[in-house]
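Here's a small protein report to read alongside the picture. Take a moment to look at the sequence and the 3D view, then follow along.

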Amino acid sequence: MDDPETRLSAKVETRNVCAHVSKELAEEINQVCKFLDIKKRAFLEAAFVDAVQRAHEIMEAEGVHRILDEQGNAVRKEA
């Protein structure tokens, strides 16, 4: 997958995705980003990309995509 920093700098149309997380998780995200010297936005986008990829892998392994295709309700990862 493309590097999140590269994708953000490529002037890609974006949408805001908000999520409330626990105070502890927010602090841990801040600490990790600071340690890695990475912008929180890039870190979170990478986490979302990874989560979506994993979800698609699980759905494919479990036959969800096949079932949805048969029903005409395809949920496919966009290239």
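## Two helices and the loop between them

Let's start at a bend in the chain: Asp37 sits in the loop between helix H2 (23-36) and H3. Keep in mind that everything here comes from a predicted model. Asp37 has a positive phi of about 55°, even though it is not a glycine. Is Asp37 buried or exposed? Asp37 is exposed, because its relative accessible area is 72% and the cut-off for exposed is over 50%.

Now zoom out for a second. The protein chain has four helices and zero strands, so reading along the sequence gives the pattern α-α-α-α. The chain has 79 residues, and 13% of them count as buried. Contacts tell you something about the fold too: among those in the protein chain with a separation of 6 or more, 43% join residues 24 or more positions apart.

Back to our two helices. You can check a helix with a bit of arithmetic, using 1.5 Å a residue, and here is how that turns out for H2 and H3.

| Helix | Residues in helix | Expected span | Distance between end C-alpha atoms |
|---|---|---|---|
| H2 | 14 residues | 20 Å | 20 Å |
| H3 | 22 residues | 32 Å | 31 Å |

For H2, the expected span agrees with the distance between its end C-alpha atoms. For H3, which covers residues 40-61, the two values also agree.

How do H2 and H3 sit relative to each other? They pack at an angle of about 110°, with their axes 10 Å apart. H2 and H3 are therefore roughly perpendicular to each other, since angles of 65 to 115 degrees count that way. On the H2 side, the contact is made by Ile29, Asn30, Val32 and Cys33, while H3 brings Lys40, Phe43 and Leu44. Sorted by class, the contact of H2 with H3 has five nonpolar residues, one polar and one charged.

H3 also has two sides worth telling apart. Which residues of H3 are buried? They are Ala42, Glu45, Val49 and His56. Looking down the axis of H3, its buried residues fall within an arc of 65°, so they line one face of the helix. Here's the background: an α-helix has 3.6 residues a turn, so residues three or four places apart point the same way. Turned away from the buried side of H3 is a face with the exposed residues Arg54, Ile58 and Ala61.

Met59 is another residue of helix H3. Met59 counts as partly exposed, because its relative accessibility is 22% and buried would need under 20%. Leaving out residues up to four places away in sequence, Met59 touches Val64 and His65.

Finally, look at what comes after each helix. H2 is followed by Asp37, with its positive phi near 55°. H3 is followed by Gly63, whose phi is positive and near 80°.

Technical notes. Residues numbered from 1 in each chain as written. Predicted model: local features only at pLDDT ≥ 70, side-chain atom pairs only at ≥ 80, totals over all residues. Heavy atoms only, no water. Expected span 1.5 Å × (residues − 1). Buried < 20%, exposed > 50% of the residue type's maximum accessible area, 1.4 Å probe, protein only. Arc of directions from axis to C-beta. Axes fitted to C-alpha atoms, helices over the stretch in contact; angles between N-to-C directions. Parallel < 35°, antiparallel > 145°, perpendicular 65-115°, else oblique. Contact = heavy atoms within 4.5 Å. Nonpolar A, V, L, I, M, F, W, Y, C, P; charged D, E, K, R; others polar.
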